[in-house]
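Please examine the structure shown here, beginning with the surroundings of its bound molecules. The paragraphs that follow treat the ligand shell and then the metal sites.

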Amino acid sequence: EVKTQGRHGYRFYAPEMSQRSAASQRIEDVLRHALAHGELSLLYQPKVDAVLGHIVGAEALLRLQVDGEDLFVPDQFIPVAEDTGLIVSIGKWALREACLQARIWQREGWPIPVSVNVSPLQFQYAGFYERLDGILNETGLDPSLLELELTERTMMSGGDGTIRLLRRIRHRGVRLSLDDFGTGYSSLSYLKHFPVDALKIDRAFVRDITQDAETAAITSAIIAMARSLNKDVIAEGVETEAQSAFLREAGCSQLQGFLFGAPMPAEILEKRLAEQLV
Ligand code: C2E
Ligand code: MG
Ligand code: MG
Ligand code: MG
C-alpha cells in the first residue's frame with residue numbers, strides 16, 4: 001500500500017494514491033452496473049488429460065466485457081470486488097451461472113466437472129454453504145461435476161471453522177482444489193491439513209520448469225508428494241510442448257494452459273467436446 005503512517009500519526013498519501021482510488025472507484029461503478037445489467041460473463045478454459053490430451057474439465061473465469069471488449073481484467077476487478085464486498089454477489093452469480101452451464105453439459109452428455117474460483121471474502125461469508133447447497137438444489141447439478149478452487153489465502157481466511165466447512169462441502173459431493181499452489185505459504189503440510197482433492201501448480205512454476213533446474217526439481221517433488229497423498233495434480237499456464245512433456249513425465253494428471261486452449265465461450269468449448277467424440 002502506498003499509504004504510510006507518519007511519525008506523528010499523520011497519514012501521508014503519495015500522489016498516485018488519489019488516482020488509484022479514482023481508478024478503483026471507477027471499477028466499482030462498472031462492476032455494480034454490470035451486476036445489475038447482466039454484463040458479467042464467464043469463459044471456460046479446458047483442462048486436459050495429461051496423457052490422452054482430451055478435455056476432462058473446465059475452469060470458469062469471470063469476464064467484464066462490453067461488445068466483446070474487456071473493460072477490466074480479473075486481476076484488476078477481483079481485488080476491487082473483494083474490497084467493496086461486491087464479490088459476495090458476483091461470486092454467487094458466477095457459481096450459479098457455472099452450475100447452470102455444467103448442468104446443460106451434463107444433460108447433453110458431456111458430464112465434465114466445471115471449476116469455480118472462490119475468493120476469501122466470499123468463503124468467509126456466513127451463508128456460503130447454504131448458498132452453495134441452494135444453487136445445487138436449484139440447478140439439479142450432480143455435485144461431483146462442481147469443483148471449487150480455493151487459494152491458500154482463502155483457506156487461511158476462513159478461521160477456525162474452515163476445516164469443518166471444507167469437510168461439509170466435500171461431504172455434499174463437491175470437489176475442492178487448492179489453486180495457485182506454490183505462491184503463498186505453500187507449505188506441503190497444508191496438503192495434509194486441508195481436505196482437498198486436487199492441487200493446482202501455479203503458472204510461475206510452470207513457466208520456469210524448462211529453464212531452471214531448481215524449479216524443475218521443486219515442481220517434480222511437489223507433484224510426487226501430492227500424488228503420494230492421493231491428490232490429483234493439475235498444472236496451470238502450460239504454454240509449450242516442452243512444459244507439457246515435463247509435467248506429464250513428472251506425474252501431473254491434468255494440464256491447463258494456452259497450449260490446449262485459452263478461456264473461451266461455452267459454445268466454443270462445446271464444439272471442442274463434440275469434436276472429441278468423433
Ligand atoms: P486463476 O484462478 O489462477 O486462473 C488462471 C488465470 O491464468 C486465468 O486468468 C487464465 O486466463 C490465465 N491463464 C490460463 N492459461 C494461461 C497460460 O497458458 N498462460 C498465461 N499467461 N495465463 C494463462 P484470468 O481469467 O485473467 O483470471 C485471473 C484470476 O482472477 C484467476 O486466477 C482468479 O484468481 C481470479 N478469478 C477469475 N474468475 C474468478 C471468479 O469467478 N471468482 C473469483 N473469486 N476469482 C476469479
Ligand atoms: Mg483458478
Ligand atoms: Mg491458479
Ligand atoms: Mg491466479
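**The ligand shell and the metal sites**

Around ligand 1, the shell consists of nine nonpolar, five polar and eight charged residues. The model is a predicted one, and the distances and areas given below are computed from it. In total, 22 residues surround ligand 1, and the closest are R63, N117, R203, E239 and F258. As for its location, ligand 1 occupies the largest pocket.

Several secondary-structure elements contribute to this shell. At least two residues each come from β4 (55-66), α2 (74-84) and β8 (175-181). Of the contributors, β4 gives the most, with four residues.

The polar contacts of ligand 1 involve both side chains and backbone. An oxygen atom of ligand 1 lies 2.9 Å from a polar side-chain atom of R63, and a nitrogen atom of ligand 1 is 3.0 Å from an N or O atom in the side chain of Q45. With F258 the partner is a backbone N or O atom, 2.8 Å from an oxygen atom of ligand 1. Ligand 1 taken alone exposes 800 Å², of which the protein buries 85%.

Attention now turns to the metal ions. The magnesium ion designated ligand 2 has as its protein donors E59 (OE), N117 (OD1), E149 (OE) and D179 (OD), at 2.0 to 2.2 Å. Along the chain, the donors of this magnesium ion (ligand 2) follow the spacing E-x57-N-x31-E-x29-D. Since E59 belongs to strand β4 and N117 to strand β6 (residues 114-117), the pair ties together parts that are 58 residues apart in sequence. N117 thus appears in two roles, being a donor to the magnesium ion (ligand 2) and among the residues closest to ligand 1.

The magnesium ion designated ligand 3 is coordinated by D179 (OD), D180 (OD) and E236, the latter listed with two OE donors, at 2.1 to 2.3 Å. The donors of the magnesium ion (ligand 3) follow the spacing D-D-x55-E along the chain.

Which residue connects the two metal sites? D179 bridges the magnesium ion (ligand 2) and the magnesium ion (ligand 3), and these ions lie 3.9 Å apart.

Terms used
Residues numbered from 1 in each chain as written. Chains lettered and ligands numbered in written order. Predicted model: local features only at pLDDT ≥ 70, side-chain atom pairs only at ≥ 80, totals over all residues. Heavy atoms only, no water. Near = heavy atom within 4 Å. Polar contact = N/O pair within 3.5 Å; in protein donor to acceptor, adjacent residues only side chain to side chain. Areas by Shrake-Rupley, 256 points an atom, 1.4 Å probe, with all protein chains shown as cover. 1 Å grid on protein atoms, 1.4 Å probe; cavity = no way out; pocket = protein on both sides within 12 Å on 5 of 7 lines; lining within 4 Å. Sits in = over half its atoms within 2 Å of the grid points. Nonpolar A, V, L, I, M, F, W, Y, C, P; charged D, E, K, R; others polar. Donors = N, O, S within 2.8 Å, 3.2 Å for Na, K, Ca; no water.
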